[in-house]
Amino acid sequence: MWSCFCSEWAKLRRCQILLVGLVALTLCPLVQYGTQLIMEPELRDPNYDIAHLFSAVVWGNTQMFLPLSLVMIGGWMIDRETAQDTLKNLLCVPLSRPRLLGAKLAAVVCLALGLGVYSCAATLAAGRLFALPGWSGPVVLAGCGQILGASATTALVCLPLVLVFGQRRGGYLPGAILTFFLGYSILFFKSGVLLSAYPFSAALILVGFDMRGYNGATAAPQPLLSAVGLAAMPALALVLLALSGRWGRRTLPARAARHRRGRRR
């Protein structure tokens, strides 16, 4: 399992699709601060500082930029086995499909943490570029910690989506689009059970993010309910991993047979 994970991580570093995540998380602080610039002067926040930028980046990452990047990259990592016709190699090596997919999911989680570190650096660079006030050690540490925490919780939310759409030929592109709408739906949950239990909002609540200024939440969140909602996503991913083993035993021999018939022709 460890060697498989190392192999997936090494392959990922050489893939150009990694630029999707880097570009997206570079754009996040620029887009979040740009919204202040395009507002009418009377609507702008005169006290906008580095702490506000950190909060805006946490919101933008969790709502749109990070889920889209993780589902697209993670789904592509799984899809490439089919697109490049390497699944048949599983018939002659002692590696089960659940272990292969588990290694890819572990690489996705590590990628999310790496992108979180990159997002911290991009936010700090944007704060210096725009000469924002309010710099201090505690503010920077709290902001970076919240970005990293939200990256980890968002990665757990995206695991089932990566599995579902990655195992469909070319499915990572529509999967990324659907993930965008799922993240955008946070705006509509302002109170009730869904405010706390919806996985994407739960990912924010569990890192102590205050959504009142971003989606207009009118009720206090329930962290326990958020923990349940978030825990349901990796649990669902484990179920899908177990089912993938049965799917692989049914489909791999059939694919290998079709491949042999094609070579005879």
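Glu8 is buried, with a relative accessible area of 4%. The model is predicted. Buried does not mean unpaired here: Glu8 meets the side chain of Lys11 in a salt bridge. Both residues lie in helix H1 (residues 2–13), three residues apart, about one turn of the helix.

Glu8 also forms a salt bridge with Lys104. Lys104 lies in helix H4 (residues 97–129) and Glu8 in helix H1, so this pair ties together parts 96 residues apart in sequence. Lys104 is buried too, at 1% relative accessibility.

The whole structure holds three salt bridges. Their closest N and O atoms are listed here.

| Salt bridge | N to O distance |
|---|---|
| Glu8 and Lys11 | 3.2 Å |
| Glu8 and Lys104 | 2.9 Å |
| Asp210 and Arg212 | 2.7 Å |

Arg212 pairs with Asp210. Arg212 is exposed, with a relative accessible area of 58%. Asp210 is partly exposed, at 40%. Through shared partners, salt bridges join Glu8, Lys11 and Lys104 into one network.

The surface also carries a nonpolar patch. Leu19, Val23, Leu27, Leu30, Val31 and Leu129 make up this patch, which covers about 530 Å². Helix H2 (residues 18–38) gives the largest share, five residues. Val23 sits in helix H2. Its relative accessible area is 47%, so Val23 counts as partly exposed.

Key:
Residues are numbered from 1 along each chain as its sequence is written. This is a predicted model: local features need pLDDT of at least 70, side-chain atom pairs count only at pLDDT 80 or more; totals for chains, interfaces and linings use all residues. Side-chain values use heavy atoms; hydrogens and water are left out. Patches are made of residues with over 30% relative accessible area and no salt bridge: like charges are joined within 9 Å, nonpolar side chains (Val, Leu, Ile, Met, Phe, Trp, Tyr) within 5 Å. Accessible areas come from the Shrake-Rupley method with a 1.4 Å probe; for residues, only the protein chains shown count as cover. A salt bridge is a side-chain nitrogen of Lys or Arg within 4 Å of a carboxyl oxygen of Asp or Glu. Helices (H or I, at least four residues) and strands (E, at least two) are DSSP runs, numbered from the N terminus. Buried means under 20% relative accessible area, exposed over 50%, partly exposed in between (1.4 Å probe, protein chains only).
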